Amino acid sequence: MSSSSAARSFGSVCSPQLTCSLTQMSSMLDTAAEQMMVEQDFQEAFDTCDRGLESLANMDQEDSRCGELKAGFCMLGMQALAELNQWHGVLSWILQQYEHQEKIPAKIMQMCILLYSKVGEPAVMQDAARVWLHCLSNSTLTGFGTVVELYLLHVLVPLGDRDEALQLIQGQVGSRAFSEEQRQTALDVVEEKERQNEEPPPDPGIRPDSEIATHSTQGSVIRKLETMLRFLYRKVLLAGSGSFSFRKLFLAAVLLYMLLLRMDPALPSSFMWISKLLQLLRQMWTAMFAPYHQALTQRL
């Protein structure tokens, strides 16, 4: 009797009607993604997600495919609301779909934390994330550790909530999410943030010492590099155009400098260096190849 009941139950879950409905929901999710990514019609994309969630609410929620489709509609709907500048209603809309904070999937909780952190309102997620993290069943989820990390770095640390941050790291949540090395790293982050908060804000009228030191160091490096290039230029000039070793040495020096200092040619500070380098390259090119070019011209 129990076997026949299980068979009937399995048949109802995998019934053609349910499969057809799930196929329609999957097609609706694809439509919402196209409206969001391709057409960039954010309002229509959100409306499609809303209709899809309403249809899923009337279906068997025990089927794992329903949960995946629901999460997909919610994630697209969140992005649509953010694009419509209606981010302030994202959390309440998500809670309408899942009713309880601890029932929100890990991926959606991660997106919520990042969204409210990006708009400068991390405190909105503090209560919801705290409830979610202290739910024991969530600790077995794949994304649990990522939620803990995001909550620490994007909510507690920006808010300067040192007590809760330490409790999170050293308590049961931290023991389930972090290794000993990760826990020590998290503690270092909290201490560094506290140290930064204790430092007085810099005077906007005074350039920071680091900026002055950076410009001074860069000027010194440019002068030394110019000296080195001129030295190489003289060596190449004396050795003649047939000395490929000096040319290779020159090229290696330039490439090494570019790799180590990662100079960005688009930066205004790089213009002086590029101009000097171009001038020296032209001089070296003339010294090495001008005699051959003149000889070839005279022959012709």
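The exercises below, each with a worked solution, concern contacts and packing in a predicted model.

**Exercise 1. Classify the ring pair formed by Phe-46 and Trp-93, and locate both residues.**

Solution. A search of the whole structure finds 3 aromatic pairs. For Phe-46 and Trp-93, the ring centres are 5.2 Å apart and the planes meet at 50 degrees, so the pair is tilted. The class follows because planes under 30 degrees apart count as stacked and those over 60 as edge-to-face, with the rest tilted. Next, place the residues: Phe-46 belongs to helix 3 (residues 42-57) and Trp-93 to helix 5 (residues 90-98). With these positions 47 residues apart, the pair links distant parts of the chain. Both Phe-46 and Trp-93 are buried.

**Exercise 2. Do the equivalent analysis for Trp-132 and Phe-144.**

Solution. Start with the geometry: the centre-to-centre distance is 6.0 Å and the angle between the planes is 20 degrees, a stacked pair. Then the location: Trp-132 is in helix 7 (residues 126-133) and Phe-144 in helix 8 (residues 144-159), so the pair ties together parts 12 residues apart in sequence. Finally the accessibility: Trp-132 has a relative accessibility of 0% and counts as buried. Phe-144, at 2%, is also buried.

**Exercise 3. Determine how helix 4 and helix 6 are oriented, and list the residues that meet.**

Solution. Two packed helices are described by the angle between their axes and the distance between the axes. Helix 4 (residues 64-83) and helix 6 (residues 106-118) pack at about 10 degrees, with axes 10 Å apart. Angles under 35 degrees count as roughly parallel, and helix 4 and helix 6 are therefore roughly parallel to each other. On the helix 4 side, the contacting residues are Ala-71, Cys-74, Met-75, Met-78, Gln-79 and Ala-82. They meet Lys-107, Ile-108, Met-111, Cys-112 and Leu-115 of helix 6.

**Exercise 4. Trace the surroundings of Gln-97 and Lys-70.**

Solution. Gln-97 is in helix 5 and counts as buried, at 17% relative accessibility. Leaving out residues up to four places away in sequence, Gln-97 touches Asp-50, Leu-53, Lys-70 and Cys-74. Lys-70 has a further partner: its charged end sits over the ring of Tyr-98, 4.4 Å from the ring centre.

**Exercise 5. Which residues of the largest nonpolar core touch the most other members, and what surrounds Ile-113 and His-154?**

Solution. The largest nonpolar core has 58 residues, of which Ile-94, Ile-108, Ile-113, Leu-133 and Leu-152 touch the most other members. Beyond four places in sequence, the contacts of Ile-113 include Met-125, Ala-129, Val-147 and His-154. His-154 lies in helix 8 and is partly exposed, at 27% relative accessibility. With the same sequence exclusion, His-154 touches Ile-113, Leu-114, Ser-117 and Pro-122. The C-alpha atoms of His-154 and Lys-118 are 8.8 Å apart, although 36 residues separate them along the chain.

**Exercise 6. Describe the packing of helix 9, then examine Arg-183.**

Solution. In helix 9 (residues 162-170), the buried residues include Glu-164, Ala-165, Leu-166, Leu-168 and Ile-169. The buried residues of this helix pack against helix 7, helix 8, helix 10 (172-177) and helix 11 (180-198). Arg-183 is in helix 11 and is buried, at 16% relative accessibility. Apart from neighbours within four places in sequence, Arg-183 contacts Ile-169, Gln-170, Gly-174, Ser-175 and Phe-178. Arg-183 and Gln-170 are 13 residues apart in sequence, with a C-alpha to C-alpha distance of 7.6 Å.

Definitions and conventions. Residues are numbered from 1 along each chain as its sequence is written. This is a predicted model: local features need pLDDT of at least 70, side-chain atom pairs count only at pLDDT 80 or more; totals for chains, interfaces and linings use all residues. Side-chain values use heavy atoms; hydrogens and water are left out. Rings of Phe, Tyr and Trp (its six-membered ring) pair if their centres lie within 6.5 Å; planes under 30 degrees apart count as stacked, over 60 as edge-to-face and the rest as tilted. Helices (H or I, at least four residues) and strands (E, at least two) are DSSP runs, numbered from the N terminus. Buried means under 20% relative accessible area, exposed over 50%, partly exposed in between (1.4 Å probe, protein chains only). A charge sits over a ring if NZ of Lys or CZ of Arg is within 6 Å of the ring centre and within 35 degrees of the ring normal. A nonpolar core is a set of buried Ala, Val, Leu, Ile, Met, Phe, Trp, Tyr and Cys residues joined through side-chain atoms within 4.5 Å. Contact means heavy atoms within 4.5 Å. Axes are lines fitted to C-alpha atoms, for helices over the stretch in contact, and angles run from 0 to 180 degrees between N-to-C directions. Angles under 35 degrees count as roughly parallel, over 145 as roughly antiparallel, 65 to 115 as roughly perpendicular and the rest as oblique.
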